[in-house]
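Work through the three exercises below with the structure in view. Try each task before you read its solution.

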Amino acid sequence: MSSPIPQPHIINQYRNQVWHSLDNHLIPTALFTAERLHAYDPKGGDSVHLLALCYFRDGQLKAAEALTRQWSRHVGCAYIFAQCSLELGGGRQKDGIIALEKCKSQWTGTSSWNMHTDSERRVLPDAAAIYCLLGKLYHSDGKQKQSVESFVQAVKLNPFIWEAFEGLLDTGAKLRVGNIFKQTPEMLAAVVQSNSSNPIPARTEPPSIPTFNMPPKASENIHHDPFSSIAPTLGSRPEGGLFNKLNESIGNNLGGLDLDTPANHRDHDGMIGVERQVKPPGAPLRKTRATTVDVSSRRGLTSRNAKDINNDVPKRTTSQMAAESGVPATRRSTRLLNTKLTSKFVGGGSIADRSGVNAKEREAKKAKTITSRNRTVHSIGIEKMTMKARTTEPDVDVAMTDAKPLPETKMMPQPTKQINERQQEAQLHMLEMFKQLGTGYFALSRYSCQEALQVFNSLTPSQRDTPWVLSKIGRAYYEMANYQEAEKIFMKIRQLDPTRTRDMEVYSTLLWHLRKEVELSYLAHELVEIDRLSPQAWCAIGNSFSLQRDHEQALKCFKRATQLDPKLAYAFTLQGHEHVSSEEYEKALVAYRSAVSADSRHYNAWYGLGKVYEKTGKYDLSERHFKTAAQINPTNSVLVCCVGMVLEKTKNFKGALAQYDLACRLAPRSALSRFKKARTLMALGNYHAALQELQILKDLAPDEANVHYTLGRLYKALKDRTNAIKHFTTALHLDPKASKANHLIKEALENLEDGEMDEDSEVYRLLEHS
């Protein structure tokens, strides 16, 4: 028994039920119904797309990928396939890119950003959404240039796609945030509304649906909102959109036809069909030539269109037209007597004067009249006569005194353009909010933490006191090494949203820096209770074990976090830190490289690589990786100091001094930067400049043994015996546990008479590890 031909109304009922289930998150019901729809209409691309969407939302990524692999010409199927390729990874990203490029001609130029409401939807993605997905695919595939280009196209078409903006930040592209969050031409068109002022004719009821060259497929013409009782028409766009304006003119020219959409043609709102070739409806009964001229001018048809119609429509007599329209034919003599003819149509004289003309002349005039009636309404002669009427305002009436109005036409006021102030205000409000948040986030992504804090703190309290904004403020304080303030912010986040796990890996790390073992253990316990499968919870557990110096257990936790989220670069970096603590440098290199693969702008991983190469004596590689980290985060004085330290170890003191000087400018209160700068100045023999730096450093860190020991050495070189003894003695008292260091300091005290600068690297190493 052959399968029945799928019927559109049955398909529509299936689709309504599937969308109802998806909207209410009844995934099993949606999946069951979508399978029934696919069985009923197995060759329909829309049915395949809907089933694949159910698979995707149910987490059956491989099933959705397999189902849509052979449907790359369908925009919806290609989009689902590309999403599965991105989620599954493993080199599938290229397949997703190819699928979207194959159907590019169908989605290029589409836009539906202003067409989604509480009662409407557009089933298929528009160009902005697809460009955003392409950007993610290219970024995941390591093609940064194509990724940036795709994200740029996405935000140009729709600046409200925040993911595209975040993608641009992840790629490190240079942006001008103000040029992104501004009104696009479509937005400007959307705020223009129609205000009725001048009358124009408009259809009150649509005519019958015209025939097409190809019958539509049953399943590929139903994309309107399943909850809407009104079928989609050519002019049924949401009010104010750009496509609404375009379709408004189309609807006027086609007389407001309610058209079904055939298959194999893309439309921005999900409709699929071929190019439509509409057979024009039969011409209505015409009273006079003047009436016909007026109707043609009102319908706005051009001479070229008239010529096309004239070629397609056979010429018919008046009686034939009357018979088709159901109106009894009127005698020609009656029509002639009831018609007011202008002097341009008749050479002169009245109707009474012409009644006395002989029969041959009357028959000739009758033939001429019939011939002129059979001409099209848009002949060149008529256009010349009505040129003035068409160039004037649309409300000019041309000889309509005796003509009866068409039964399907009524007078409507002509729309004039007017700004919808409320919609304009809503757009500008959202754009300004996105711009402010984007400016702060952009500054944070460039590690301009002070600027980011200023922007975020300028937000209204209702916007600022939200978990997303507070997490960025806490991250800014964390990057500035202001751990106390960062802790306060994250505690506030925990109060606002106790179930939040995102960004908690940063919170656990700052607790590790603060050496708060109890608070860190409690945080890890809470995160596991909330979601034991979240990678942030396992990072917190790992940090807790690390603080307890249980490196083996910490490594297990960090590895578990990377299994749960292979794109969480920070978990790989923490794993590398643990390997360094255990002096497993090869394993540390593997972990850091995995972090860089997950996020090429994760400067912590580049720093870790540089540190490993420094410890293994590969100073050239160490310098290169430290510089890469410093380029990503140019405001971090520690990274700049690391570059200087490598240069110092290679005896490039001038280069090291330049780096330390830059670090002091970036962080004037950084004790590490000033200490390294003072030591380099001493190595170069510039003792007075070194003394100035050490005097500042003594105020910043008065209880630091290294500072007093360096001051003692400096005063010894300056032959200032009193101050040298004073600071050497202070260094001994500040660090009494460092027995080996104390022994070397006592030797320095005994050799005060020797004015040569002795080697001090061993003393510093012992003091740093005491």
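**Exercise 1. Find the reach of helix α29, and compare it with the expected span.**

Solution. The model is predicted. Start with the ends: helix α29 covers residues 535–547, which makes 13 residues. From the first C-alpha to the last, α29 reaches 18 Å. Now compare: at 1.5 Å a residue, 18 Å is expected, and the helix comes close to that.

**Exercise 2. Decide whether α29 is mostly covered or mostly open, and say what includes its cover.**

Solution. Use the cut-off first: a residue is buried under 20% relative accessible area. By that rule, eleven of the 13 residues of α29 are buried. Among them are Pro535, Ala537, Cys539, Ile541 and Leu547. Polar names are listed too, including Gln536, Asn543 and Ser546. The helix is thus mostly covered. Next, look for the cover: it includes α27 (504–513) and α28 (517–530). It also includes α30 (551–564) and α31 (569–581).

**Exercise 3. Where do histidine 25 and arginine 549 lie, and is each buried or exposed?**

Solution. Begin with the backbone. Most residues other than glycine have a negative phi. Histidine 25 is not a glycine, yet its phi is positive, about 55 degrees. Arginine 549 is not a glycine either, and its phi is positive at about 60 degrees.

Then place them. Histidine 25 is in the loop between α1 (8–23) and α2 (27–40). Arginine 549 comes just after α29, in the loop between α29 and α30.

Last, check accessibility. Exposed means over 50%. Histidine 25 has 63% relative accessibility, so histidine 25 counts as exposed. Arginine 549 has 71%, so arginine 549 counts as exposed.

Methods: Residues are numbered from 1 along each chain as its sequence is written. This is a predicted model: local features need pLDDT of at least 70, side-chain atom pairs count only at pLDDT 80 or more; totals for chains, interfaces and linings use all residues. Side-chain values use heavy atoms; hydrogens and water are left out. Helices (H or I, at least four residues) and strands (E, at least two) are DSSP runs, numbered from the N terminus. The expected span of a helix is 1.5 Å times one less than its number of residues. Buried means under 20% relative accessible area, exposed over 50%, partly exposed in between (1.4 Å probe, protein chains only). Contact means heavy atoms within 4.5 Å.
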